[in-house]
Amino acid sequence: MSGDTAQTSDGPRESALSGSDDVVVLLVDDQLIIGEAVRRILAAAGSGTGQDTIRFHFCQKADDAIATAARVGPTVILQDLVMPGADGLDLVKQYRAQEATKQIPIVVLSSKEEGETKAQAFANGANDYIVKLPDAAELLARIRYHSGAYRAQLRARAFAESERRRQIAERKAESVNARNTLIFALAKLAESRDSDTGLHLERIAAYSRVLAEQLRGALPELNDDWIMNLQLASSLHDIGKVGIPDAVLLKAGKLTPEERLVIEKHPGIGADALNAILARQPGDELLRMARNIAASHHERWDGNGYPGKLKAEEIPLEARIVSVADVYDALTSKRVYKPAMPHTEAVKMIAGGRGTQFDPVVVEALERCEVVFHLAGKQFHDEEANAHASSGGKEQA
């Protein structure tokens with residue numbers, strides 16, 4: 001055997017949390033002969049067919065005991081009662097004071113049976129007390145008992161923690177789903193004031209997702225969570241229209257300059273409403289994104305939009321994406337005052353606004369994925385037309 005540490009097998013540092021059922025023994029004793037005796041007992045016990053693996057570590061210096069225990073992760077510590085310059089009972093207290101060792105079973109080894117010393121060992125946190133050295137069968141039985149109980153305790157705690165996290169995740173998912181459902185219902189309620197929009201919100205969400213998926217190759221920050229938030233947040237882009245009078249909002253003809261000024265207030269109204277919610281939930285990324293979209297989806301790349309006259313990348317990316325999706329949907333949707341524009345013409349018109357009304361990068365993304373983009377909206381247009389036809393109305397184009 002070597003000085004500080006010896007093992008029955010080579011390999012990396014062991015850990016009681018490794019998931020195996022190995023018995024990992026750390027003997028802390030200044031007597032080399034005791035270390036060798038225990039090593040032989042454990043080596044013989046672990047060599048038989050079908051036996052559990054026993055890994056043995058030996059520490060002769062009391063000053064190294066705590067660090068060694070933290071390093072090797074034993075499932076049982078055999079601690080000598082009397083060591084040069086150290087009290088074994090004090091070491092027991094030190095193990096219990098350290099996070100890495102406070103739960104590990106400790107078996108105190110003593111040269112004699114003393115009731116008062118035994119009581120003090122248990123008071124300090126020991127799990128067992130053995131007069132050294134007992135016969136091999138007794139030593140192995142106690143080691144296996146304490147190791148098995150410790151691993152069972154670890155598994156129980158791990159299961160309890162896993163279950164706790166599962167329940168937290170489940171409650172969070174339910175809460176998020178309820179919030180998302182409420183947000184979309186609120187958006188639909190606001191949209192219901194305009195009976196001519198149909199499945200507008202669903203199409204905007206679909207268009208926004210397709211554009212974001214196309215952009216994520218060049219913009220890795222557009223991860224799955226970002227895109228999922230964009231889908232839902234886009235539905236609130238026109239939430240501010242709840243504050244616009246019906247005479248202006250529902251007017252079929254061309255708006256007067258005065259009416260145009262009224263309708264242009266809706267981004268600010270929507271942003272103010274969402275800011276009020278954000279004040280209560282300042283860390284909510286979905287609400288932050290929704291606020292940005294509501295406030296800025298009518299801004300223009302050249303700075304001539306409204307309400308803030310923001311220019312280029314001053315406009316949040318999410319608003320730049322929804323701006324393209326919103327204009328495309330307005331162009332390709334039939335209204336009482338206009339027919340639906342064909343897809344190809346709508347894309348061409350949006351491309352004509354590259355660098356003036358729209359972010360050139362978003363327009364390029366639209367051009368690269370226009371087939372998928374068209375199909376994403378077509379299914380909602382078809383669904384809308386079928387529903388209209390089944391109710392006795394005329395199909396939309």
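This is a short group-meeting talk on a few local features of the structure above.

Hi everyone, thanks for coming. One thing to keep in mind from the start: this is a predicted model.

Let's begin with strand β2, which covers residues 54–59. How many of the six residues of β2 are buried? Six of the six are, so the strand is largely enclosed by the rest of the structure. If you look along β2, you'll see I54, F56 and F58 pointing one way, while R55, H57 and C59 point the other way. Side chains in a regular strand alternate between the two faces of the sheet. Here the residues on either side of β2 are buried, and that includes R55 and H57.

Who is the neighbour? Strand β1, residues 23–28, runs parallel to β2, and six bridges join the two. If you want a place to start tracing that pairing, take V23, whose bridge partner in β2 is I54.

Now, cysteines, since someone always asks. C59, in that same strand β2, has 0% relative accessibility, so it counts as buried. C369 is buried too, because its relative accessible area of 5% falls under the 20% cut-off. And how many disulfides are there? The count is zero, with a pair of cysteine sulfur atoms having to lie within 2.5 Å to qualify.

Next, helix α12, residues 317–332. Its 16 residues should span 22 Å at 1.5 Å a residue, and the end C-alpha atoms are 23 Å apart, so the two values agree. This helix is mostly covered as well, with 14 of its 16 residues buried.

Just before I finish, let's walk through the loop between α11 (285–296) and α12, where P307 is found. The peptide bond from Y306 to P307 is cis, with omega near 5°. K309 lies in this loop too, and its phi is near 55°, a positive value in a residue other than glycine. Is K309 buried or exposed? At 52% relative accessibility, K309 counts as exposed, because the cut-off is over 50%. A312 is another resident of the loop, and its phi is also positive, near 50°, again in a residue other than glycine.

There is also a cis peptide bond elsewhere, joining K132 and L133, with omega at about -20°. L133 sits in the loop between β7 (128–131) and α5 (136–191).

So, to take home: β2 is largely enclosed, α12 is mostly covered, and the loop leading from α11 to α12 holds K309 and A312. Thanks for listening!

Terms used. Residues numbered from 1 in each chain as written. Predicted model: local features only at pLDDT ≥ 70, side-chain atom pairs only at ≥ 80, totals over all residues. Heavy atoms only, no water. Buried < 20%, exposed > 50% of the residue type's maximum accessible area, 1.4 Å probe, protein only. Helix = DSSP H or I, 4+ residues; strand = E, 2+ residues; numbered from the N terminus. Pairing = 2+ DSSP bridges. Expected span 1.5 Å × (residues − 1).
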